[in-house]
Each structure stands twice: as structure tokens, then as C-alpha cells.
Amino acid sequence: MPQKHLKTSQKKLLKWYETNGRQDLPWRNTEDVYAIYVSEIMLQQTQVKRVAEEYYFQFLEKFPSLLALSQAPLEEVFGMWSGLGYYRRAKNLHASAILCSDRLPKDMKSLQHLPGIGKYTASAICSFGYHQKVSVVDTNIARVLARFFGVEDAKEAQLWELADSFLNTKNPTEHNLALMDLGSLVCLPKIPTCAVSASEEVLLGCQLSESEEHLSGCQVCPLFENCKGKEEPSKYYKTKSKVYEEKKLHYGVCVKDGTIAMKISKEGMYKDMLELPSIETFCHVESLLGSFKHSVTKYRLDVHLYHLDALEEEVVWMPLSELHTAPISSLTQKALKLYKEVKRD
Ligand code: SF4
């Protein structure tokens, strides 16, 4: 794409960001690199609204610095992560804090040596935290770039190259944030809002600038004029249908004197977290408390919960009153919620 078109598009993108960007997000209003790092890890698998409203501030209040996080026991970190899911993120965050002690590295390479930090997160820390001239490519940005440059089946390395070629080196941070917002607000996976028709224009109160009046319809996207993919956006971004694996799980609930039997998970994505003891089903059918469905990563789980009078295996007796701060997954939370509902009836 000619340099002239790239420059014009960069300018339009920043202008669009001024009025349409999500500048009010809390992690965009801090210079604290640690806080930006925490937000990036939380946002990896969780929606912006949930992170902003339920976890980000609470986590930073409990662990206000990398040093504070490094000195905290992992159980406490898990406790603050409770309900956010994908606990490996919390474990990696904690492990990185221990490795760094009080300061995150300032270069992409060193950052990527830390647990749980890949190229995207390293670039986000360098761009949003340290304001370096680096490109950022997440799924939203990748989609915008593939369409804007009209590249079919773009490979990861190619997308990073495109991002580098488009980077606005005068305003790299805002440029990256603007591209990210454009991907999540306008250049949507299925139907991007490139432009709206004349009738929709009236509804939206949309107005073209004088220089743009020769174009039909109202351009919603600031990259519209030079975008190579606007005629056929689906050609440059294909939504993949997820393949799920079905699984049945059986858990037992054993409560005694205000405590509940829990086990420390030894492996898998819930490693080191507390979960209900898993049991064989055939001997407990009459004790079934209830069932529920749960989805996590590629799994569609069919979970059955049973009442148990006693347990032979080694368990941790956890006070019921402390469960809300315990390191438990959203799956276990759902099971405990079901148990409470059944008990109330
Ligand atoms: S014009 Fe359309 S396809 Fe191109 S970047 Fe904008 S929203 Fe995406």
C-alpha cells in the first residue's frame, strides 16, 4: 500500500479514536506498568466489563505492586482470582512477580521469558506501559490488518509485519489502542460496519466531511477509503467453528460441622486449586443432589453432584464460611451454588 495512503489512514484512525475510543477504561488511565500488566493478563480470557467491574481494582488494592504480589502466598492470589477462571493466569502472574521482584523488564525479549507472557502481552506492556514504538497484534487488530491490507489466510508473522508497516511512530500507543478498538467496535468478525447506507445515515445522524462527500453512504470506519477488504471482508477473516469435547464429571459433597471436604487438584488447568472430591457414580445414584452443564476451554461438561456421608480418601476440611476467598474454579463455584440451593429446599 502506498505510503501516502498509510499516512492518511493513520491520521483518520487517531481522529476516530479521539471521539470513539474506549479511553475511559481504567487501565488506559494509568502509567503504572504493573497495573497494565495485570489488566492484560485478566483480559486474556475474560470480558472487559467483568474485569473492570469485579476484579481489576480489587486485585490491585490487595496487591498494589509487583513486589507485594511476589510476597503474597499463591493461595491468596488464587483467592482474589476466584471466579475469574483460567487460574493458570494467576499462577503465572505470581511466578513472574517472584522472578522480577519489583520491576518488569522493559524489552520484548526479556518479557517473553516470563511465565504466561507471549508476544502479544509483551508488546502490550511495551506499547501501553512503556510507550515504546512497537506494534501490537491481538485477534481484533489481526482482523483489521488482514482486511485493510487485503491479505487472505494471513500467517502470524505476516500480520506482525503488516502491523509494523502501519505503525504510527509518532503516536504508537494511541495507534495500537485505536486499532484494537476499531476491531472490537467496527471491524467486527461477522459483519463489519464499514459504512452505512444513506437511509441509515439519517437514523444515525451521520455526516460526511466535505472532502468525503463524493463517496456514497456514511463511512463509519476511518480506514474505509483505503481498505482493500471492504468489498468482501469475510474473504480476509474466516470465523472458525469451535470443536468441543463432551465429558461427564461426578463430584461428592461431604459437609461436617460447618466444614466441607475439598481436595487439592494435582494436575491439569486446576492444578493447586481446591475442588470437590471426584467419585465413582454407580454406588451413589440415590444420593444425587443435582446436575448442571459447564463449558471450559474446549470441554462441554455434564457435571453430577452427589451427597456423601463419609470419605475414605485424604481431604482438606475447609470452613464453609471461608469458601468465598478460597482458590476455587468457576466449575466448583457452580457445584457449591447448586449444593446450597438444594440444601435450602
Ligand atoms: S473498511 Fe470495513 S473491512 Fe475495512 S477495516 Fe474498516 S470495518 Fe474493516
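Which helix gives the most to the lining of the largest pocket? That would be α9, with 5 residues. Welcome to this predicted model, which we will explore through its hollows and the ligand. A search of the whole structure finds 2 cavities of 30 Å³ or more, and the ligand sits in the largest cavity.

**The largest pocket**

- This open space holds about 1,200 Å³.
- Its lining is made up of 41 residues, and those nearest the centre are Asp-138, Thr-139, Asn-140, Ala-142 and Arg-143.
- Several helices take part: α2 (33-43), α8 (119-129), α9, α10 (156-166), α11 (172-185) and α13 (233-236) each supply at least two residues of the lining.
- Sorted by class, the pocket lining has 20 nonpolar, 10 polar and 11 charged residues.
- The largest pocket lies between domain 1 (3-183) and domain 2 (189-236), because both domains give residues to its lining.

**The largest cavity**

- About 120 Å³ of space lies in the largest cavity.
- Of the 15 residues that line the largest cavity, Arg-147, Cys-187, Cys-194, Cys-221 and Cys-227 lie nearest its centre.
- Helix α9 (residues 139-148) turns up here too, giving the largest share of the cavity lining with 3 residues.
- The lining of the largest cavity counts 12 nonpolar, 1 polar and 2 charged residues.
- Domain 1 (3-183) and domain 2 (189-236) both contribute residues to this lining, so the largest cavity lies between them.

**The ligand and its neighbours**

- If you would like to find the ligand, look inside the largest cavity.
- Around the ligand you will meet Arg-147, Val-186, Cys-187, Pro-192, Cys-194, Cys-221, Phe-224, Cys-227 and Lys-230.
- This shell divides into 7 nonpolar and 2 charged residues, with no polar ones.
- Arg-147 is one of the residues around the ligand, and Arg-147 is also among those nearest the centre of the largest cavity.

**The second largest cavity**

- The second largest cavity has a volume of about 60 Å³.
- Its lining consists of Tyr-251, Tyr-270, Glu-275, Leu-276, Phe-292, Val-303, Ser-329, Leu-331, Thr-332 and Ala-335.
- Helix α14 (residues 330-344) provides the largest share of that lining, 3 residues.
- By class, 7 nonpolar, 2 polar and 1 charged residues line the second largest cavity.

Definitions and conventions
Residues numbered from 1 in each chain as written. Predicted model: local features only at pLDDT ≥ 70, side-chain atom pairs only at ≥ 80, totals over all residues. Heavy atoms only, no water. Near = heavy atom within 4 Å. 1 Å grid on protein atoms, 1.4 Å probe; cavity = no way out; pocket = protein on both sides within 12 Å on 5 of 7 lines; lining within 4 Å. Sits in = over half its atoms within 2 Å of the grid points. Nonpolar A, V, L, I, M, F, W, Y, C, P; charged D, E, K, R; others polar. Points joined across faces, edges and corners; volume = space filled by probe spheres on them. Helix = DSSP H or I, 4+ residues; strand = E, 2+ residues; numbered from the N terminus. Domains from an automatic or database assignment.
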